[in-house]
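Biologist: Let us go through this one together. I will ask how each label is earned, and you set the value against the cut-off.

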Number of protein chains: 2
Amino acid sequence: MRNIKLLLAYDGTNYHGFQRQENAISVQAVLEQALGKICREPIRLATAGRTDTGVHARGQVVSFHTMAPIPQERFPYAINCCLPADIVVLAAEEMPAEFHPRRSARAKTYRYTLDTGKFPDVFQQRFAWHPMYSLKRELLVQASSYLCGTHDFAAFRAAGSAVRTSVRTITRAEWDFVDDPLWHFYITGNGFLYKMVRLIVGTLVEVARGKIPPQSIKELLGCQQSQYRAGPTAPAKGLTLWEVIY
Amino acid sequence: MRNIKLLLAYDGTNYHGFQRQENAISVQAVLEQALGKICREPIRLATAGRTDTGVHARGQVVSFHTMAPIPQERFPYAINCCLPADIVVLAAEEMPAEFHPRRSARAKTYRYTLDTGKFPDVFQQRFAWHPMYSLKRELLVQASSYLCGTHDFAAFRAAGSAVRTSVRTITRAEWDFVDDPLWHFYITGNGFLYKMVRLIVGTLVEVARGKIPPQSIKELLGCQQSQYRAGPTAPAKGLTLWEVIY
């Protein structure tokens with residue numbers, strides 16, 4: 001059996017997340033169906049990470065086993081012909097049998113985009129959150145500086161998640177203002193809790209609009225009894241799975 | 001009666017063009033309905049120029065007459081509350097009675113975006129055309145250099161248009177490669193024939209892929225008996241009404 005890795009981008013607006021589910025359209029189901037046609041056998045995908053409803057990907061990684069004798073460099077062209085315009089396969093590579101897109105990954109980077117223009121940019125409305133507040137850059141930068149390192153992110157976890165530990169290591173948490181008034185937040189870590197990035201961004205926006213001090217982030221990290229609460233959860237549409245690092 | 005000018009952006013993907021029509025949703029109809037609610041009277045818009053189905057606008061200009069006593073700076077906020085996310089009013093200004101968005105305009109700029117990446121950029125799929133050919137920048141630049149000046153654009157006019165003259169003056173026709181692999185073409189003129197920009201871009205792409213020589217553009221300008229034919233028409237989705245110049 002060949003183990004094929006795909007690099008994938010999608011506009012998540014019209015999907016109920018990545019993961020296959022009953023009675024709702026998912027990226028996984030659409031992709032598995034397209035792959036099934038190409039490979040002429042049922043295909044089941046493994047993924048580097050699920051994305052929620054409305055979340056996008058620029059660098060999602062998936063893999064699947066197949067007997068199909070298609071050359072690896074032909075896979076993207078063949079699959080893209082069977083996919084809707086909002087999902088694109090960017091690269092395919094045959095991997096050793098032990099490769100798994102999630103277990104083999106060292107880290108992941110997400111990008112969250114805020115649209116801070118006076119009015120929303122119609123061309124970015126699917127990919128950016130336009131908060132109705134005036135935000136201070138320096139507060140965002142200061143508050144984000146506390147995120148790097150190994151911390152207990154229990155305060156930044158949505159209800160309903162059942163993982164053993166909420167300790168995660170963040171190696172990058174920085175803002176890029178080059179596309180101003182679009183502000184991009186890049187966060188890289190060895191793992192993320194359920195809705196963690198959106199809860200972090202929602203809290204950073206509370207800081208940036210002056211509702212809570214930048215130090216509240218520090219307090220919320222590893223401290224379940226903070227005088228502050230994390231959140232709200234920033235909208236899904238601003239979030240993009242940017243890169244999976246191996 | 002007050003004469004209110006609005007600056008407007010829209011993602012044209014979901015509209016059958018700007019102009020109001022029977023049995024199809026148009027930007028004009030949606031905007032007139034929202035304005036009718038705000039102003040509490042029937043509103044009829046004048047426009048700087050219609051855009052076709054699927055064409056976008058970053059700087060469309062419209063105007064309307066109203067008795068409503070709303071301060072001009074409040075108009076964008078009030079109207080945007082009643083509009084879908086893909087239409088945004090960016091500014092409002094009270095104008096002299098004689099102002100008309102089309103008749104008062106000196107020139108218009110359109111932008112056409114080509115996505116020349118190996119695979120389509122999913123985040124630009126609504127706003128860029130991804131031709132399946134390999135394109136040469138220098139051929140695009142050379143061919144476009146013939147466009148500036150006053151020429152007869154009869155060859156770049158879609159069938160069915162009924163205007164007195166097909167002579168137009170183009171003052172800017174240039175490519176911007178800064179967002180490579182997205183290539184932006186900016187064209188400014190005192191007027192444009194029906195589908196003229198898309199026919200020009202379609203022809204430039206034929207040049208850039210090596211099907212016809214750059215000089216064919218020169219021949220097609222003012223010469224109805226060229227050995228070449230203009231077109232095909234580039235897809236609507238890559239075109240944006242960029243700016244109306246007064």
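Biologist: In which loop of chain A does A:Pro181 lie?

Modeller: A:Pro181 sits in the loop between β7 (167-176) and β8 of chain A. Bear in mind that this is a predicted model.

Biologist: What makes the peptide bond between A:Asp180 and A:Pro181 a cis one?

Modeller: Omega is about 10° there, and the bond joining A:Asp180 and A:Pro181 is cis. Chain B offers a cis bond from B:Gly231 to B:Pro232, with omega near 10°. B:Pro232 is placed in the loop between α5 (215-220) and β9 of chain B.

Biologist: Where is B:Gly238 found?

Modeller: B:Gly238 is also in the loop between α5 and β9 of chain B.

Biologist: Why is B:Gly238 called buried?

Modeller: The relative accessible area of B:Gly238 is 1%. Buried means under 20%. So B:Gly238 is buried.

Biologist: Which residues is B:Gly238 in contact with, leaving aside its neighbours within four places in sequence?

Modeller: The partners are B:Arg111, B:Tyr112, B:Thr113, B:Phe127, B:Ala128 and B:Trp129. Take B:Ala128: it is 110 residues from B:Gly238 in sequence, yet the C-alpha atoms are 4.0 Å apart.

Biologist: How do you know that A:Cys39 is in no disulfide?

Modeller: The structure holds 0 disulfides over all chains. For A:Cys39, the nearest cysteine sulfur belongs to A:Cys82, at 9.9 Å. A disulfide needs the sulfur atoms within 2.5 Å, so A:Cys39 is in none.

Biologist: And what is the distance from A:Cys82 to its nearest cysteine sulfur?

Modeller: That sulfur is the one of A:Cys81, 6.4 Å away, and A:Cys82 is in no disulfide.

Biologist: Are A:Cys39 and A:Cys82 buried or exposed?

Modeller: A:Cys39 has a relative accessible area of 7%. The limit for buried is under 20%, so A:Cys39 is buried. A:Cys82 is at 29%. Exposed starts over 50%, so A:Cys82 falls in between and counts as partly exposed.

Biologist: What is notable about phi of A:Asn23?

Modeller: Phi of A:Asn23 is near 60°, a positive value in a residue other than glycine. A:Asn23 belongs to the loop between β1 and α1 (27-39) of chain A. A:Arg40 is not a glycine either, and its phi is positive at about 60°. A:Arg40 is in the loop between α1 and β2 (46-47) of chain A.

Biologist: What makes A:Asn23 and A:Arg40 count as exposed?

Modeller: A:Asn23 has 82% relative accessibility, and A:Arg40 has 77%. Exposed means over 50%, so both residues count as exposed.

Biologist: How much area do chain A and chain B bury between them?

Modeller: About 1,800 Å², with 72% of it on carbon and sulfur atoms. Each chain brings 24 residues to the contact. A:Phe119, A:Val122 and A:Phe123 supply 38% of the area that chain A buries against chain B, more than any other three residues.

Biologist: How much space lies in the largest pocket?

Modeller: About 1,400 Å³. The pocket has 46 lining residues, and those closest to its centre are A:Gln124, A:Asp179, B:Gln124, B:Asp179 and B:Leu182. The largest share of the lining, 4 residues, comes from β9(A).

Biologist: How does that lining divide by class?

Modeller: There are 22 nonpolar, 11 polar and 13 charged residues in the lining of the largest pocket.

How values were computed
Residues numbered from 1 in each chain as written. Chains lettered and ligands numbered in written order. Predicted model: local features only at pLDDT ≥ 70, side-chain atom pairs only at ≥ 80, totals over all residues. Heavy atoms only, no water. Buried < 20%, exposed > 50% of the residue type's maximum accessible area, 1.4 Å probe, protein only. 1 Å grid on protein atoms, 1.4 Å probe; cavity = no way out; pocket = protein on both sides within 12 Å on 5 of 7 lines; lining within 4 Å. Points joined across faces, edges and corners; volume = space filled by probe spheres on them. Helix = DSSP H or I, 4+ residues; strand = E, 2+ residues; numbered from the N terminus. Nonpolar A, V, L, I, M, F, W, Y, C, P; charged D, E, K, R; others polar. Contact = heavy atoms within 4.5 Å. Buried area = accessible area lost by both parts, 1.4 Å probe.
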